[in-house]
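Here is a short set of exercises, each with a worked solution. Keep the viewer open and try each task before reading on.

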Amino acid sequence: MLPVSESYVGIFSIGVGVNYGRIANNLPSPSQVPNLLKSLNINRVKVYDSDPKVLQAFAGTGIELIVGLGNEFLQKMSDPQQAQTWIQQNIQPYLSQTKITCINVGNEVLGADDGQSASYDSYLLPAMKTMYAALLNLGLNKQVCITTAHSLKILASSSPPSQGVFREDMVEYIKPILDFHSQVDSPFFINAYPYFAYKSDPDNVRLEYTLFEPNEGTVDPNTNLKYDNMLYAQIDAVYSAIKALGHTDVEVKISETGWPSKGDENEAGATVENAGMYNRNLMQRMQQGRGTPAHPSQPIDIYIFALFNENMKNGSTSERNFGLYYPNGTLVYDLGVQSYALPRMDYSSSHKNVSNTYVLVLQCVSKFLIAYMII
């Protein structure tokens, strides 16, 4: 018998999602990923493209999939015919077996400081509208929603949460996007990382406050609401910013959040211990089913970043170490499992041709473990 933590099973049964990034040359093949996800009871996944191998890998699994459209396609998708063709080629053929629930049109387009993404600002909403119109024409708009994921950099202020507002230079783009979300009943996605706040000012940002650890918290002087963690304060700040633009009918969802297990010398807090603490505590909060202080009855919907460490991502060391898993399928840190892990997977560049026999064995073992967890 394999002793499995009951709390672990419960936490991953609440619908926490995960981001499945693939900027790496040593990851398992997409066909192996659904079994790995099912072993954790993860049933919602967000990907960053529409790779046929990935969409096919999730066929028949029941796992809900958010598909991404890269920023480089936004201008092209502003053409209604191009948008419909893209959906007919990249989404529609898979819907009978793969549970695609949403298309994320662009990622962190607004407020980007890389120079390149900023040039896409004016194409974002037109692309979202034409993509939705294409879904409508194809009779798929009730099955697949349209949204986009934003960085917290679109906020001019987030503290206190009740005074959250969008940057003035972003309002001309965000206001009509909010109108669109309201009209088609789709969520407002935000990528929120308390880690970056701590990294930028470790002397003044309390680590316990960012990690959901016991701390004295902060009180919003305008609402008298107490916050004991930064993520929930960030969520309410986004709600306040949305309300300031006249909307109370748009749901905020966290499309990315996480903590790196490794970083450079100047990246404070990027440790295995802190990463494990952040994600374990976050999942336990999710299990409680409570909302934020300002929206206690609104369920919190979160996608953790990320499933794997990605060794080919640019930037600092932390960017390559947000994964729950190493590429070989072993957990980076304890997530509540006692003596439980999938068979070791070696998918280095010299072992990409996995035998059919090994695949069958892995699938059988995974099904046995999943059945055990259900029992």
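**Exercise 1.** Does P187 count as buried or exposed? Find its place in the chain and list what surrounds it.

*Solution.* Remember as you work that this is a predicted model.
- Step 1: locate the residue. P187 sits in the loop that links α7 (168-184) to β8 (188-191).
- Step 2: apply the cut-off. Buried means under 20% relative accessible area. P187 has 10% relative accessibility, so it counts as buried.
- Step 3: look for neighbours. Not counting residues up to four places away in sequence, P187 touches C145, T147, H181, E251 and K253.
- Step 4: check a long-range pair. P187 and T148 are 39 residues apart along the chain, and their C-alpha atoms are separated by 8.7 Å.

**Exercise 2.** At what angle do α6 and α7 pack, and how far apart are their axes? Describe the contact too.

*Solution.*
- Step 1: recall the description. Two packed helices are described by the angle between their axes and the distance between the axes.
- Step 2: read off both values. The angle between α6 and α7 is about 10°, and the axes are 9 Å apart.
- Step 3: classify the angle. Angles under 35 degrees count as roughly parallel, so α6 is roughly parallel to α7.
- Step 4: name the residues. From α6 come D121, S122, L124, L125, M128, K129 and Y132, and they meet M170, Y173, P176, I177, F180, H181 and V184 of α7.
- Step 5: sort them by type. The contact of α6 with α7 has 10 nonpolar, two polar and two charged residues.

**Exercise 3.** At what angle do the axes of α5 and α6 cross? Work out the class of the crossing and its handedness.

*Solution.*
- Step 1: find the helices. Helix α5 covers residues 80-90 and helix α6 covers residues 121-137.
- Step 2: take the geometry. The axes of α5 and α6 come within 8 Å and cross at roughly 60°.
- Step 3: classify. The two helices, α5 and α6, are therefore oblique to each other.
- Step 4: add the handedness. The α5 and α6 crossing is right-handed.
- Step 5: list the partners. P80, A83, Q84, W86 and I87 of α5 make the contact with T130, M131, A134, L135 and N137 of α6.
- Step 6: sort them by type. In the contact of α5 with α6 there are seven nonpolar residues, three polar and no charged.

**Exercise 4.** Which residues is Y198 in contact with, leaving aside its neighbours within four places in sequence? Do the same for N321.

*Solution.*
- Step 1: place Y198. This tyrosine lies in helix α8 (residues 194-200).
- Step 2: judge its accessibility. Y198 has a relative accessible area of 11% and is buried.
- Step 3: list its contacts. With neighbours within four places left aside, Y198 is in contact with V205, R206, L207, T210, W259, A268 and G269.
- Step 4: take one partner. The C-alpha atoms of Y198 and A268 are separated by 7.4 Å, while the residues are 70 apart along the chain.
- Step 5: turn to N321. N321 belongs to the loop between β12 and α12, and is buried with a relative accessible area of 13%.
- Step 6: list its contacts. On the same terms, N321 is in contact with W259, P260, S261, K262 and N309.

**Exercise 5.** Inspect the backbone at N41, E108, P160 and A306. Where in the chain is N41 found?

*Solution.*
- Step 1: start with N41. It is found in the loop between α2 (33-39) and β2 (44-46). N41 is not a glycine, yet its phi is positive, at about 60°. With 22% relative accessibility, N41 counts as partly exposed.
- Step 2: go on to E108. Its place is in the loop between β4 (100-107) and α6. E108 has a positive phi of about 50° although it is not a glycine, and at 27% relative accessibility E108 counts as partly exposed.
- Step 3: examine P160. A cis peptide bond joins S159 and P160, with omega about -5°. P160 lies in the loop between β6 (155-157) and β7 (165-166).
- Step 4: finish with A306. F305 and A306 are joined by a cis peptide bond, with omega about 5°. A306 is in the loop between β12 (302-305) and α12 (356-374).

Note on methods
Residues are numbered from 1 along each chain as its sequence is written. This is a predicted model: local features need pLDDT of at least 70, side-chain atom pairs count only at pLDDT 80 or more; totals for chains, interfaces and linings use all residues. Side-chain values use heavy atoms; hydrogens and water are left out. Axes are lines fitted to C-alpha atoms, for helices over the stretch in contact, and angles run from 0 to 180 degrees between N-to-C directions. Helices (H or I, at least four residues) and strands (E, at least two) are DSSP runs, numbered from the N terminus. Angles under 35 degrees count as roughly parallel, over 145 as roughly antiparallel, 65 to 115 as roughly perpendicular and the rest as oblique. A crossing is left-handed if the near helix is turned anticlockwise from the far one by less than a right angle, and right-handed if clockwise. Contact means heavy atoms within 4.5 Å. Ala, Val, Leu, Ile, Met, Phe, Trp, Tyr, Cys and Pro count as nonpolar, Asp, Glu, Lys and Arg as charged, and the others, Gly among them, as polar. Buried means under 20% relative accessible area, exposed over 50%, partly exposed in between (1.4 Å probe, protein chains only).
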